[in-house]
Amino acid sequence: MTIPTITLNNGVEMPQLGFGVFQVPDDETEAAVTAALEAGYRSIDTAAVYGNEAGVARALKSSGIAREELFVTTKLWNADHERPVEAYEKSLELLGLDHVDLYLIHWPTPARDLYVGAWQGLEELYAAGRTRAIGVSNFLPEHLDRIVGLGGTVPAVNQIELHPALQQRATVAANDALEIATEAWSPLAQGAMLQNPAITAIADRLGRTAAQVILRWHLQQGRIVIPKSVTPSRIAQNLDVFGFDLTDADLAAIDALESDGRTGPDPATFNAA
């Protein structure tokens with residue numbers, strides 16, 4: 001299976017559909033990532049705070065897949081905004097890699113006001129060729145404006161919570177205006193949208209699962225998605241989303257489901273260290 005790619009603003013190609021390991025315990029991560037790689041995923045998204053970078057490493061090492069075929073993302077945690085290079089080194093050690101393909105600031109934590117310095121640290125890593133691309137996660141338009149206003153590197157990706165119940169239109173518009181790719185975490189709203197009547201009606205008509213319909217909605221609008229599961233059958237199902245299309249009416253019906261249904265923290269107020 002060939003997964004479509006998105007060309008980031010620095011020319012790097014990133015698989016449009018990847019596998020996330022948020023909330024997967026380290027001792028379950030190797031099996032989950034192994035199942036994903038066997039199903040055909042080649043993009044894996046982890047983070048320092050998940051505590052499972054070592055589990056990802058075990059799966060990557062045992063897979064036998066060439067490094068150049070893989071796209072690995074990890075993230076700088078809030079407590080490390082003042083030492084991004086050292087935190088990156090620690091993530092590399094845990095991942096067993098000499099570089100990651102995409103390194104993100106996990107949250108802006110605006111009340112702590114350290115994300116500008118953190119971004120400059122990521123720019124140093126990128127300028128030294130130590131990561132193929134740098135970006136941010138959970139940044140709102142005002143956070144993007146501040147780091148872009150420095151006049152240096154524009155983030156390649158902004159990874160945000162995005163699903164039918166939380167579409168973050170203002171942030172997506174800001175990403176588009178700055179040529180920043182939008183990547184959706186929690187693309188299925190942690191399962192909260194899987195019983196929605198509008199979505200299940202589309203799924204029944206197409207002979208697809210509700211999850212497949214939601215992922216297809218993301219993909220047809222040009223977003224990168226990283227669904228998570230620890231069940232091999234669902235991992236495979238979530239990748240089987242390239243053999244059908246949603247109609248304009250289907251897309252509009254899902255667009256109409258916006259309800260500010262946030263499942264994670266609000267980036268404007270989340271300031272955990």
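I began at A249, which is exposed, with a relative accessible area of 56%. The cut-off I used for exposed is over 50%. The model is predicted, and I kept that in mind for the entries below.

**A249 and helix α10**

I placed A249 in helix α10, residues 248–255. I then took the C-alpha to C-alpha distance from A249 to R130 and got 44 Å, for a sequence separation of 119 residues.

**Helix α8**

I went next to helix α8, residues 210–220, and asked how many of its eleven residues are buried. The count is ten, so α8 is largely enclosed by the rest of the structure. I listed the buried residues as A210, A211, Q212, V213, I214, L215, R216, W217, H218 and L219.

I looked up what these buried residues pack against. The partners include two strands, β9 (181–185) and β10 (224–225). The helices they pack against are α7 (197–206), α9 (232–239) and α10. The last of these is the helix that holds A249. Just after α8, I noted that G222 takes a positive phi of about 80 degrees.

**Helices α4 and α5**

I checked how α4 lies against helix α5, residues 141–148. Their axes come within 10 Å and cross at roughly 55 degrees. The two helices are therefore oblique to each other. I recorded the crossing as right-handed.

For the contact itself, I found Y115, V116 and W119 on the α4 side. On the α5 side I found E142, H143, R146 and I147. I sorted the residues of this contact into four nonpolar, one polar and two charged.

**H106**

Which residue does the UniProt annotation "binding site" cover? According to the unreviewed entry, it covers H106. I located H106 in the loop between β6 (100–105) and α4 (115–127).

Is H106 buried or exposed? Its relative accessibility is 6%, so H106 counts as buried; the cut-off for buried is under 20%.

I then listed what H106 touches, leaving out residues up to four places away in sequence. The list runs A47, V49, Y50, K75, L76, W77, N78, S137 and N138.

**Annotated domain**

I also looked up the domain record. The unreviewed UniProt entry annotates residues 23–257 as "domain: NADP-dependent oxidoreductase". I computed this span as 44% helix and 14% strand. Its end C-alpha atoms lie 26 Å apart.

Methods:
Residues are numbered from 1 along each chain as its sequence is written. This is a predicted model: local features need pLDDT of at least 70, side-chain atom pairs count only at pLDDT 80 or more; totals for chains, interfaces and linings use all residues. Side-chain values use heavy atoms; hydrogens and water are left out. UniProt positions are given in the numbering used here, feature names are shortened, and annotations may be inferred rather than shown by experiment. Helices (H or I, at least four residues) and strands (E, at least two) are DSSP runs, numbered from the N terminus. Buried means under 20% relative accessible area, exposed over 50%, partly exposed in between (1.4 Å probe, protein chains only). Contact means heavy atoms within 4.5 Å. Axes are lines fitted to C-alpha atoms, for helices over the stretch in contact, and angles run from 0 to 180 degrees between N-to-C directions. Angles under 35 degrees count as roughly parallel, over 145 as roughly antiparallel, 65 to 115 as roughly perpendicular and the rest as oblique. A crossing is left-handed if the near helix is turned anticlockwise from the far one by less than a right angle, and right-handed if clockwise. Ala, Val, Leu, Ile, Met, Phe, Trp, Tyr, Cys and Pro count as nonpolar, Asp, Glu, Lys and Arg as charged, and the others, Gly among them, as polar.
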